[in-house]
Amino acid sequence: MSTPLPQSPPPAPPAGDRATHRLVESPAGRTHLVEQGAGSLVLLVHGFPESWYSWRHQLPVLAAAGYRAVAVDVRGYGRSSRPAAADAYRMLDLVEDNVAVVRALGAETAVIVGHDWGATIAAHSALVRPDVFRAVGLLSVPYTPPGGPRPGEVFAGMGGEEEFYVSYFQEPGRAEAEIEPDVRAWLAGFYAALSADTMPEPGAPDPHFVRRGGRLRDRFPVGPLPGWLDERDLDVYAGEFERTGLTGALNRYRAMDRDWADLTPDYAGAPVTQPSLFVGGALDASTTWLADAIKAFPDTLPGLRSSHVLDGCGHWVQQERPEEVNRLLTEWLAGLPG
């Protein structure tokens, strides 16, 4: 069952924006989206812990460039439905949500672009439904094909005396107990920990790991917000999670072993062959820890048209460096076959 959507209005787009909010039917129940512009469809998929609002800098630029830009709230987030079961957040279901959005908008195909978890969702949407997703852009997290060891076992073995954040998130209720008493402060710290201008200094305890018996927030920086995030932006993010809670968002981590079981038999080692783009931040752990995945792009992303690692940039690439990312996106889109 999906929880009913509240009737309060969604957060407004930035001032002067002509974006339109809609709800469409999807396997999740309903998917909330924000669209702007007309032309070929570009579907934008956010990561954790974000929302459609993560694409506020891209929607008007893509619209001005002649595209129909559509940013969704992934199931479990924002105004989209929030199924109760953790298995309802498996990758194959998220792929079908994206297909349903494309169909609900009257399109046959779309370009899909994702950030963080959204990048993984975008890559697998292109892998599983190449008939719908004709090109794929990945921000921050490079593509790694399905297969290999079971993810839960890999993450449990990381960190030594400490615990990797993914394992921490995978235990039902545990991260919620840390985050939900003060969502706004937790989000501010999490965003700051992964931003180029506010992340901990080299040699400081790594915020991706939790000391035994501790909390993830114990290693978040204390101080000003990162330069890309003002108080109003933080209010938008915090307001959504204060209303919905974090379980829907965290269930994506809790479905990873289900993804492994679903995808490995048919897609182990499979490349994504459509035209693709990668943009990461040089200071982002997703880029540095997965450097071998980037080196493997000739095999895993044989349709790669351009790949960029932005100097001095952290994890939130399209928000930290919106002008540069917008330029890279529009140049890549312009070069795609019609």
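This report covers the sheet, the helices packed on it, the nonpolar core and some unusual backbone geometry. The model is predicted.

**The sheet**

Eight strands form an open sheet. Their order is β1-β2-β4-β3-β5-β6-β9-β10, and the pairing is mixed. The edges are β1 (20-26) and β10 (304-310), each of which pairs on one side only. From one strand to the next, the twist averages 20 degrees.

One pairing can be followed down to residues. Strand β9 (residues 276-281) runs parallel to β6, and four bridges join the two. Val 136 has Ser 276 in β9 as its bridge partner. In general, sheet strands are held in pairs by backbone hydrogen bonds, in either a parallel or an antiparallel sense.

**Helices on the sheet**

Helix α2 packs on the sheet and touches β1, β2 (29-36), β3, β4 (67-72), β5 and β6. Its direction makes about 115 degrees with that of β1. Does the length of α2 agree with what its residue count predicts, or disagree? What should 14 residues span? At 1.5 Å a residue, residues 91-104 should span 20 Å, and the end C-alpha atoms of α2 are indeed 20 Å apart, so the two values agree.

Many α2 residues are buried: Met 91, Leu 94, Val 95, Asp 97, Asn 98, Val 99, Ala 100, Val 101 and Val 102. After α2 comes Gly 106, with a positive phi near 80 degrees.

Helix α3 lies across β3, β5 and β6. It runs at about 160 degrees to β6.

**The core around Phe 48**

The largest nonpolar core holds 101 residues. Phe 48 and Phe 169 have the most contacts inside it. Helix α3 (residues 117-128) supplies the largest share of this core, with eight residues.

Beyond its close sequence neighbours, Phe 48 contacts a long list of residues. Among them are the aromatic residues Tyr 77, Trp 117, Phe 169, Trp 186, Phe 190, Tyr 253 and Trp 316. Leu 246, Ala 249 and Leu 250 also touch Phe 48, as does Asp 116.

**Unusual backbone geometry**

Most peptide bonds are trans, and most residues other than glycine have a negative phi. Three sites here depart from that pattern. Phe 48 and Pro 49 are joined by a cis peptide bond. Asp 116 and Ser 140 are the others, each with a positive phi though neither is glycine.

| Site | Backbone value | Loop |
|---|---|---|
| Phe 48–Pro 49 | omega about -10 degrees | Pro 49: between β3 (40-45) and α1 (59-64) |
| Asp 116 | phi about 60 degrees | between β5 (110-115) and α3 |
| Ser 140 | phi near 80 degrees | between β6 (133-139) and α4 (151-156) |

Are Asp 116 and Ser 140 buried or exposed? Asp 116 has a relative accessible area of 10%, so it counts as buried, the cut-off being under 20%. Ser 140 is buried too, at 0%. Asp 116 is also one of the residues in contact with Phe 48.

**An exposed proline**

Pro 172 sits in the loop between α5 (165-170) and α6 (174-179). Its relative accessible area is 66%, which means that Pro 172 is exposed, as the cut-off is over 50%. Pro 172 and Ala 86 are 86 residues apart in sequence. In space, their C-alpha atoms are 9.0 Å apart.

Conventions: Residues numbered from 1 in each chain as written. Predicted model: local features only at pLDDT ≥ 70, side-chain atom pairs only at ≥ 80, totals over all residues. Heavy atoms only, no water. Core = buried A, V, L, I, M, F, W, Y, C linked by side-chain atoms within 4.5 Å. Buried < 20%, exposed > 50% of the residue type's maximum accessible area, 1.4 Å probe, protein only. Contact = heavy atoms within 4.5 Å. Expected span 1.5 Å × (residues − 1). Pairing = 2+ DSSP bridges. Axes fitted to C-alpha atoms, helices over the stretch in contact; angles between N-to-C directions. Lists of a residue's contacts leave out its neighbours within four places in sequence.
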